[in-house]
Amino acid sequence: MSQTIPGPDGRPRCRWCVASSDYLRYHDHEWGFPVADDRRLFEKLCLEGFQSGLSWRTILDKRDNFRAAFENFDAGKIARFTERDVERLLQDAGIVRHRGKIEAVINNAMRVLELTEQEGSFAAYIWRFEPKAASPAAAAASLSKDLKKRGWSFVGPTTVHSFLQAMGLFNDHAADCAIRAEADKARESFQRPD
């Protein structure tokens, strides 16, 4: 079976992305394109945690609701959330209402603030795990282990692999996907944070 399927414009796309127009937009303009923005990286890692056990489509469909519920993933604001906020979020039908995942976002917001203070930026820290000699799976396992050591939660190797893939730390578009070359070009010109 081919890894691609024709998109609405007839150009081949990764097979998974043609299920909906939102998926296609996400695939063509976000997935696999490099990101150096701390807030976007934090948001994506949180959303990947929420995806655990669910489909990305479920999370993508609720992404705007997550942004509203979690202060646009401003780690400084989320780090001040209390049990009252957890209870409020557990009543929010616009997001995935899972206590452990909600509490993980709050915990991880505190951890990202610590990490940013120690490392200069979340992006600089994340991009040190860009797979070069190591395979993407090995890089994901290494980042997952380091995050857990720093007190993060809901950051297992599978979650982190999806995060690295989506944030453009490696290009996993199918070989004949029309967007693969665009992602490669973006990666070539990308200024890695230091």
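**Glu48 and the spaces around helix 2**

Set aside the neighbours within four places in sequence, and Glu48 is in contact with Trp56, Thr159, Ser162, Phe163 and Ala166. Glu48 itself sits in helix 2. Buried or exposed, how does Glu48 count? Its relative accessibility is 5%, and buried means under 20%, so Glu48 counts as buried. Bear in mind that this is a predicted model.

Now step back to the whole chain. The protein has 10 helices and two strands. Along the sequence the order is β-β-α-α-α-α-α-α-α-α-α-α. The radius of gyration is 17 Å, and the globule rule gives 16 Å for 194 residues. The two values are close, so the protein is as compact as a globular protein of that length. The C-alpha trace spans about 50 × 35 × 25 Å along its principal axes.

Burial and contacts come next. Of the 194 residues, 49% count as buried. Take the contacts with a separation of 6 or more: residues 24 or more positions apart account for 59% of them. The exposed surface comes to about 9500 Å², and carbon and sulfur atoms supply 49% of that area.

Where is the open space? The largest pocket holds about 240 Å³. Its lining has 16 residues, and those nearest the centre are Trp16, Tyr26, Trp31, Ser162 and Gln165. Ser162 is also one of the contacts of Glu48. Which elements supply at least two residues each of this lining? They are helix 1 (21–29), helix 2 and helix 9 (157–166). Helix 2 gives the largest share, three residues. By class, the pocket lining divides into seven nonpolar, five polar and four charged residues.

There is enclosed space as well. The structure holds one cavity of 30 Å³ or more. The volume of the largest cavity is about 50 Å³. Which residues line the largest cavity? From the lower numbers come Leu45, Cys46, Gly49 and Phe50. Lys101, Ala104, Val105 and Asn108 follow, and Ser153 and Phe154 complete the set. Two elements give two or more residues to this lining: helix 2 (38–51) and helix 6 (99–119). Six of the cavity-lining residues are nonpolar, three are polar and one is charged.

Helix 2 thus links the parts of this tour. Helix 2 is the place of Glu48. Helix 2 gives the pocket lining its largest share. Helix 2 also gives two or more residues to the lining of the largest cavity.

Notes
Residues are numbered from 1 along each chain as its sequence is written. This is a predicted model: local features need pLDDT of at least 70, side-chain atom pairs count only at pLDDT 80 or more; totals for chains, interfaces and linings use all residues. Side-chain values use heavy atoms; hydrogens and water are left out. On a 1 Å grid over the protein atoms alone, a cavity is a set of points where a 1.4 Å probe fits but cannot get out, and a pocket is an open set with protein on both sides within 12 Å along at least five of seven lines; lining residues have an atom within 4 Å of a point. Grid points are joined across faces, edges and corners, and a volume is the space filled by probe spheres set on the points. Helices (H or I, at least four residues) and strands (E, at least two) are DSSP runs, numbered from the N terminus. Ala, Val, Leu, Ile, Met, Phe, Trp, Tyr, Cys and Pro count as nonpolar, Asp, Glu, Lys and Arg as charged, and the others, Gly among them, as polar. The radius of gyration is taken over C-alpha atoms; the globule rule is 2.2 Å times the number of residues to the power 0.38. Buried means under 20% relative accessible area, exposed over 50%, partly exposed in between (1.4 Å probe, protein chains only). Contact means heavy atoms within 4.5 Å. Accessible areas come from the Shrake-Rupley method with a 1.4 Å probe; for residues, only the protein chains shown count as cover.
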